[in-house]
Amino acid sequence: MAQLWGGRFSKETAEQVFSFNASISFDKRLYRQDIEGSIAHVVMLEKRKIITVSEKDEIVKGLVGIRDDIEKGDLLITDEYEDIHSFVEAKLIERIGLSGKKLHTGRSRNDQVALDMKLYTRQEIVHITDAIHTLLKTLLEIMKENTTTYMPGFTHLQKAQPTTLAHHFGAYFEMFKRDGERLKDIYKRLNYCPLGAGAFAGTTYSLDRHYTAAMLGFEGPTFNSMDSVSDRDYIIESLSALSLIMMHLSRFAEEIIIWNSDEYRFIELDDAYSTGSSIMPQKKNPDIAELIRGKTGRVYGSLMSVLTMMKALPLAYNKDMQEDKESAFDAFDTVKDCLDLFNGMLATTAFNQKVMERSATAGFTNATDAADYLVGRNVPFRDAHEIIGRMVIYCINKSKENDTDVSIEDLTLEELKQISPHFEPDVYDFINLKACVGKRQTYGAPSPDAMNEIIDIYTEYLVQNTNLR
C-alpha cells in the first residue's frame with residue numbers, strides 16, 4: 001500500500017480500509033490532468049525561487065517520461081497506490097530521487113484533485129460541444145432538404161395541424177442549440193484555477209497563482225481558497241446540462257422509434273444502426289434509439305448522486321467528494337457515445353416523404369384552417385369552431401358508413417353548404433395541405449418562406465459558433 005501520508009500513524013491501514021478509501025481504480029484516467037497540473041506547479045515554484053532550475057528541469061522531465069510511458073503502455077497504473085496523485089509522485093521519486101519529493105511543495109491533494117477535475121470537466125465540455133455542433137449540422141442539412149416535406153404535427157400524440165419535417169427538426173435544433181450554450185456558460189464559470197488553495201487555507205509559500213492559472217489556460221485563480229477545494233458546483237451544473245441533453249435525445253429517440261414503426265413508416269433506419277431478432281426474421285429493431293432513451297436514466301442518476309452527496313457537507317473538503325468522479329466520468333462518457341451514435345443514425349435515416357404527406361392529409365389536420373376560412377367570411381371564431389366540429393363528426397360518420405376515410409376536402413360543396421352556407425368553391429384551395437402550411441408565415445412558423453429565413457440564421461450561427469476553443 002503506497003500512500004502520501006503516514007508519519008503520524010503507528011499502525012498500518014487495514015487492507016479493507018485502504019481498498020475502501022482508494023480511488024485509483026477510477027481516478028487513474030486523470031493521469032494527464034494530474035501531470036499537466038504538476039508541471040505547471042513546479043514551473044511556478046522555480047519562477048518563485050522555491051526550487052532550483054535544475055530541480056524544476058529534473059521534475060518536469062520525469063513527469064513527461066511518466067506520462068509518455070503510461071501512454072505507450074510501458075508503465076501500468078496499479079492498485080497498490082491510493083490514488084493517481086500518489087502513483088505519479090511515487091513513480092517520480094522512484095525515477096529521479098530526492099528532487100521528486102519537492103513536487104508537492106505548497107500543494108495539497110485537495111487543490112490538486114480540484115484542479116484535475118476542472119481540467120477534465122473543461123476538456124469534456126469541449127468534446128461534447130463539438131459533438132452537439134456536429135449534430136446541429138446534420139439537423140440543418142435535413143432541414144434544408146425538407147422545407148416542403150409535409151407531415152402532421154401533433155399535440156397529445158393526436159394529429160393537430162400540418163407542418164413540415166424542416167419545422168419539426170427545427171424544434172430539436174433549438175433544444176440542442178440551448179444545450180451547447182449552457183455548456184459554454186458552465187465553461188466560463190468553472191474556468192478559474194484552484195491550484196494554490198492548499199488544503200483550504202492557502203499556503204505560507206510565495207506562490208504565484210495568477211501565473212499558474214495562465215499556464216493552464218484559466219481566466220485566473222479562484223478567489224477563495226476554502227471554496228476552491230470544496231466547490232463541486234461545476235460538476236453538478238455539468239451533470240444537469242448533460243441530463244438536459246439526454247432528455248432531448250430521449251424525446252427525439254422516442255419519435256424515431258414511433259416513426260420507424262410499421263404503423264407510421266415515416267422513416268427507414270439504416271441497417272448499420274438497426275438490429276434483428278433471434279427468432280423473428282422480419283424484425284428490424286431501433287435498438288440504438290431505445291438504448292439512448294434508456295441511458296437517459298443513467299445520466300439522471302449521476303446528477304442525483306452528486307447532488308445528494310453534496311447536500312449537507314460542511315466546509316471545507318470532505319472525503320465524500322471522492323464520489324463525484326465515477327458519476328461524472330460515466331455521465332460524460334455516456335453522453336458522448338449517445339450524441340455520436342444518434343448523429344450517425346440520423347444522418348443515415350431515409351425519410352418516406354409520400355407517407356408523411358398522406359398522413360398529414362388524414363386526421364383533419366386542416367380543421368383549424370377550415371375554421372379560419374369561415375372567420376374570413378365574417379363568422380365569429382367561436383361559431384366557426386363549433387361548425388367545423390360538427391363537420392368533423394359528419395365526416396367520421398360518413399367514414400363508418402362507407403368503410404373508408406373521409407376528410408373535409410372530400411366533401412362536396414353541397415355537403416359543406418348544408419353544414420354552413422358560408423362555404424364557397426374557393427374553400428378547397430384554402431384548406432389544401434400546401435396552402436395550410438404556406439399561409440403560416442409568422443416568424444418561426446413552418447411555411448417554406450419562414451423556414452428559409454430561420455435556416456439562414458442557423459447557418460450563420462454554426463459558422464460563428466464552431467466550438468469553445
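These questions and answers walk through a predicted model of one protein.

Visitor: How many helices and strands does the protein have?
Guide: The model is predicted, and its elements split into two kinds. Strands number six. Helices number 19.

Visitor: What is the radius of gyration of the protein?
Guide: Start from the reference. A compact globule of 469 residues would come near 23 Å. The C-alpha atoms of the protein fill a box of roughly 100 × 50 × 40 Å along the principal axes. The radius of gyration of the protein is 31 Å.

Visitor: What share of the residues is buried?
Guide: The cut-off for buried is under 20% relative accessible area. The count runs over the 469 residues of the protein. Buried residues make up 50%.

Visitor: What share of the accessible surface belongs to carbon and sulfur atoms?
Guide: Take the total for the protein. It comes to about 22700 Å². The part that belongs to carbon and sulfur atoms is 51%.

Visitor: How far apart are the mean positions of the positive and negative charges?
Guide: The protein carries 54 positive charges. It carries 71 negative ones. Their mean positions lie apart by 4 Å.

Visitor: Which share of contacts joins residues at least 24 apart?
Guide: Contact means heavy atoms within 4.5 Å. Only pairs at least 6 apart in sequence enter here. Of these, the share joining residues at least 24 apart is 74%.

Visitor: Do strands β1 and β2 run parallel or antiparallel?
Guide: Strand β1 covers residues 150-155, and β2 covers residues 158-164. Five bridges join them. M151 stands opposite T163 in β2, and F154 has K159 as its bridge partner. The two strands run antiparallel.

Visitor: Which residue in the turn of the hairpin has a positive phi?
Guide: β1 and β2 form the hairpin, with two residues between them. One residue in that turn has a phi of about 60 degrees. That residue is H156.

Visitor: Is S23 buried or exposed?
Guide: S23 sits in the loop between α1 (15-21) and α2 (24-27). Leaving aside neighbours within four places in sequence, S23 is in contact with E82, D83 and Q322. Its relative accessible area is 3%, and buried means under 20%. So S23 is buried.

How values were computed. Residues are numbered from 1 along each chain as its sequence is written. This is a predicted model: local features need pLDDT of at least 70, side-chain atom pairs count only at pLDDT 80 or more; totals for chains, interfaces and linings use all residues. Side-chain values use heavy atoms; hydrogens and water are left out. Helices (H or I, at least four residues) and strands (E, at least two) are DSSP runs, numbered from the N terminus. The radius of gyration is taken over C-alpha atoms; the globule rule is 2.2 Å times the number of residues to the power 0.38. Buried means under 20% relative accessible area, exposed over 50%, partly exposed in between (1.4 Å probe, protein chains only). Accessible areas come from the Shrake-Rupley method with a 1.4 Å probe; for residues, only the protein chains shown count as cover. Lys and Arg count as positive and Asp and Glu as negative; His and the chain ends are not counted. The place of a charge is taken as NZ of Lys, CZ of Arg, CG of Asp or CD of Glu. Two strands pair if DSSP finds at least two bridges between them.
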